Amino acid sequence: MIYQILAITLKELKVLWFDREALALLFAMPMFFILVMSFALEGVFQAGSKGHPIEILAVHRNGGPIAARTIADLKRIEGLILIETDNGIPLTSDKAEQLVGKGAHSLALVFPEGYTEQVLKTSKVSQEEKATVYLISDPAMNLQLLAAVKGAIQGAIERQVLFAGIPQQLKEIFGTLEGMEGQLDNMLGDTNVGERESSGVDFIHTFPKGFNVSRRPTATEQNVPAYTIFGVFFIVLTLASSFLQEKKDGTFQRILAAPLCKTALLIGKLLPYYLVNLIQIGLMFGIGVVVFGIRLGHLPALVIVSLALAAAANGLGLLVAALGKTEPQVNALSVLLAITLSALGGMMVPTFIMPDLMKTLSLFTPHAWALAGYHDVIVRGLGVKDILTEMLVLFGFASLFFIIALWRFRFDE
Amino acid sequence: MKTSILIVEDLWKRYAQTDAVRGLTFEISKGEFFGLLGPNGAGKTTTIGLLSGLIEPTRGHISIAGVDLFSRPMEAKARIGLVPQSFALYPSLCTRDNLVFFGRIYGLKGRRLKERMTRVLEIVELTDRANQTVATFSNGMKRRLNIAVGLLHEPEILILDEPTVGVDPQSRNAILESIHSLNQSGVTVLYTTHHIEEAQHLCDRVAIIDQGKIIALDSPARLIRDFGKGMVCMEFNAGIADQLLDQMKRIGHVRVVDDQRRKIHIETNGIDEASRELLELMKARDGLIKTLDIAEPNLETVFIHLTGRNLRD
């Protein structure tokens, strides 16, 4: 039986090798997507440079001088543009949040009313009464970029808070020296500072209301697994068409007339496509690593997700082969499933910015689970035990597809 | 006593409300060239599907070289060589790759596989095309390769389903010759066709099948002797009158084929004399005859005699 399975597998690989269109579909298409889409999103990676400045909405009207000085400090950083008004009207916290929520801007920095006073009196008050600065970001924003911006903002805040604390520290140092107080007061002008600590400001990163965001992938980390999954499911068309072609040519009947069990025939037919899927995945992630430098994370976990993903894709292929009776039916069904499930599963738009209904629906696609699995491994750095749920769900999808396919599959047509 | 290679007993196949095969019973002896003759839709291909284990029968038994096809399908299938009506080849692969694949499916490997490939390519005269892609083949060459695949594992019975469909006369003759040679070398052949000449010249025995049933089974010579009559088939431009019909009935047995009396068959034992008399009769009715076919007794006239229809209807 194994000999026969291998014979079918080898034959299938040979037939596939000569089917240039199918190979182009399976390999060139996702590669094209990865390359084109990633280069198209290159601006995201270059953002923050002089040529691609990052715009930050700044709300500090009632924040006092320390807030104003922090904003002024940030304005001096190359690659950052601080926007303080909207249509000539000074921004409010609500307006800034609204603009970010709508996607008009990616970031808003909000210094609440009384920020300066709070900074100056922070040192001896409880943690709850610390001065607070809010950074509101678009969930779709690139994480690396966000980290860099956060660093710059935090630096500016700390610096200004530190400067504000210098007079008080100098007073503490020189305060005991008689006769110096007056000179010091003259040197420091009219700044009336209280005691504070350099860590006396809470910097809170948040998202506009209505978003529910946990750990987000970078654009490349999002693109490579997403388009890989997208490409993997194009095996559905190739696989289903192969069954249909064999039935049309009569080779399927000829194989069935041989002393060969149906299980061996199906395994032999599916195995090469499963292998092709794994090669596809390897190639796509290879491009991700070589061209875009993504980190793959825990490899055994990545392999497990890939094995489960390929099984689900092959199961769906067999299901389409069982349901599609004609070439147009198979083509239409395959493309419909490839596009719809990909879109729904977060291959084109990340699920974390989808409406709740769409998020729920995405859970009924193998794509979403595969992407979640890949993100667990690649983005969140998790291991095998952390992707067991995704693996089980993907193999569950595969089993479901296979069961329905075998129920509906007509060998004698 | 001759050994039976194929035994078919009370074989039925029902699809929805239609019986495609209705109680077929026959045996094929070792080395025999057995024909299954019938019009399109008679149930030949369904019968082939049943005999090669592709279709589950509604009821009945099939035994291949003593092995029951339904209780021991793997053993039985290994004894059958199927040459389907479709080419059933991989066009993007070369001849050799096709043979290697199908040989492996039948469990052939190594030297044995090579030997068999060499032999079957010789039989179908495609040795010099071993490395050629099948897509570049003519229909005749594809038909020959189709036969080669069926022969690869040295089956005890070779089942050929209309193996000359869609080929030019020259290739057809070459295919028929090679099948005849195979049979002469001892291969048992079950051959389906709707070409009477093929059945008449090749087959030791012919089963005439119509609407899923065998309506006659014997050697072509005996069938023609028992049922075959000379036949004049006439088609008219208008329905013929009672008087003319009565006159024709005096010449032979008249069968009116259609309701408008535009088509008639006249069966007779003396075809030459009947033809002469008919032409004489029609002289005075110039322009009435649209077509006229005069046939010596053959399997076609046997079929018409038995069913009232042409094989190609």
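How many bridges join strand 11 of chain B to strand 13 of chain B? In this predicted model, six bridges link strand 11 (residues 230-236) to strand 13 (residues 263-268) of chain B, and the two strands run antiparallel. Within this pairing, B:Gly230 stands opposite B:Thr268, a residue of strand 13 of chain B.

**The sheet of chain B**

Strands 11 and 13 belong to an open sheet of four strands in chain B, with the order 12-13-11-14 and antiparallel pairing. Strand 12 (253-256) and strand 14 (289-295) of chain B are the edge strands, each pairing on one side only. From one strand to the next, the twist averages 15°. Helix 10 (residues 271-283) of chain B packs on this sheet, where it touches strand 11, strand 13 and strand 14 of chain B. The direction of helix 10 makes about 20° with that of strand 11 of chain B.

**The contact between the chains**

Where the two chains meet, 22 residues of chain B are in contact with 20 residues of chain A. On the side of chain B that touches chain A, three elements give two or more residues each, as listed below.

| Element of chain B | Residues |
|---|---|
| Helix 2 | 73-77 |
| Strand 6 | 80-83 |
| Helix 3 | 95-105 |

Helix 3 of chain B gives the most to this side, with four residues. By residue class, the side of chain B that touches chain A divides into 15 nonpolar, four polar and three charged residues.

**Chain A and the nonpolar cores**

Chain A has 17 helices and seven strands. Of its 413 residues, 41% count as buried. Among contacts in chain A between residues at least 6 apart in sequence, 82% join residues at least 24 apart.

The largest nonpolar core holds 155 residues, of which A:Phe233, A:Val236 and A:Val305 touch the most other members. Helix 13 (residues 299-323) of chain A supplies the largest share of this core, 15 residues. Which residues does A:Val305 touch, not counting residues up to four places away in sequence? With that exclusion, A:Val305 touches A:Ala370, A:Gly373, A:Tyr374, A:Val377, A:Ile387, A:Glu390 and A:Met391. Apart from the largest core lies another core, of 33 residues, including A:Leu74, A:Ile153, A:Ile157 and A:Val161.

Methods:
Residues numbered from 1 in each chain as written. Chains lettered and ligands numbered in written order. Predicted model: local features only at pLDDT ≥ 70, side-chain atom pairs only at ≥ 80, totals over all residues. Pairing = 2+ DSSP bridges. Axes fitted to C-alpha atoms, helices over the stretch in contact; angles between N-to-C directions. Contact = placed C-beta atoms within 7 Å. Nonpolar A, V, L, I, M, F, W, Y, C, P; charged D, E, K, R; others polar. Core = buried A, V, L, I, M, F, W, Y, C linked by C-beta atoms within 7 Å. Buried ≥ 20, exposed ≤ 12 C-beta atoms within 10 Å, placed from the backbone.
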